[in-house]
Amino acid sequence: AITLYRQGIQQDPQNPSLYDPLASLLLQQNQVNEAIALYRQAIQQKPDNSPFYKKLADLLLQLQKPQEAIALYRANLHRNPANVYHLAALFS
């Protein structure tokens with residue numbers, strides 16, 4: 001499945017529906033750095049997609065990287081001021 005998702009992303013890098021399942025599969029196999037890189041790639045391809053910011057920021061928090069997570073929450077909040085989740089995350 002990982003190979004198929006990677007091929008799909010190569011063929012259609014603008015398709016946001018391919019990134020999250022692949023990142024989930026990578027995380028299930030403890031390929032955390034690859035999942036982080038994939039979420040970063042997804043944000044570059046679709047900077048208006050709030051869930052990518054949230055998932056990457058949440059993952060970074062789990063990895064004890066709060067400064068990076070806060071930067072992502074802020075970036076997303078700047079792009080989408082109505083996103084209450086990211087505002088709340090900054091104060092938790």
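**Helix packing around Leu 56**

Leu 56 is buried, with a relative accessible area of 0%. The structure analysed here is a predicted model. Leu 56 belongs to helix 4. Beyond its neighbours within four places in sequence, Leu 56 makes contact with Ile 36, Tyr 39, Arg 40, Ile 43 and Leu 72. The C-alpha atoms of Leu 56 and Ala 35 lie 8.6 Å apart, although 21 residues separate the two in sequence.

The largest nonpolar core holds 22 residues, and the members that touch the most others are Leu 38, Leu 56 and Leu 72. Two or more residues of this core come from each of helix 1, helix 2, helix 3, helix 4 and helix 5. In soluble globular proteins, nonpolar side chains tend to be buried together. When residues up to four places away in sequence are not counted, Leu 72 touches Ile 43, Tyr 53, Leu 56, Ala 57 and Leu 60. Ile 43 is thus listed among the contacts of Leu 56 and also among those of Leu 72.

Helix 3 covers residues 32-45. Its 14 residues, at 1.5 Å a residue, should span 20 Å, and the C-alpha atoms at its ends are 20 Å apart, which agrees with that expectation. The buried residues of helix 3 are Ala 35, Ile 36, Leu 38, Tyr 39, Ala 42 and Ile 43. Viewed down the helix axis, the buried residues of helix 3 fall within an arc of 160°, so they line one face of the helix. Asn 33 and Gln 44, on the other side of helix 3, are exposed. The packing partners of the buried residues of helix 3 are helix 1 (2-11), helix 2 (19-28), helix 4 (50-62) and helix 5 (66-79). Among these buried residues of helix 3, Ile 36, Tyr 39 and Ile 43 are in contact with Leu 56.

A one-sided arrangement is also found in helix 1. Ile 2, Gly 8 and Ile 9 are buried in this helix. Because the buried residues of helix 1 fall within an arc of 125° when seen down its axis, they line one face of the helix. The face turned away from the buried side of helix 1 carries Thr 3, Leu 4, Gln 10 and Gln 11, which are exposed. The buried residues of helix 1 pack against helix 2 and helix 3.

Methods. Residues are numbered from 1 along each chain as its sequence is written. This is a predicted model: local features need pLDDT of at least 70, side-chain atom pairs count only at pLDDT 80 or more; totals for chains, interfaces and linings use all residues. Side-chain values use heavy atoms; hydrogens and water are left out. Helices (H or I, at least four residues) and strands (E, at least two) are DSSP runs, numbered from the N terminus. The expected span of a helix is 1.5 Å times one less than its number of residues. Buried means under 20% relative accessible area, exposed over 50%, partly exposed in between (1.4 Å probe, protein chains only). The arc is that of the directions from the helix axis to the C-beta atoms. Contact means heavy atoms within 4.5 Å. A nonpolar core is a set of buried Ala, Val, Leu, Ile, Met, Phe, Trp, Tyr and Cys residues joined through side-chain atoms within 4.5 Å.
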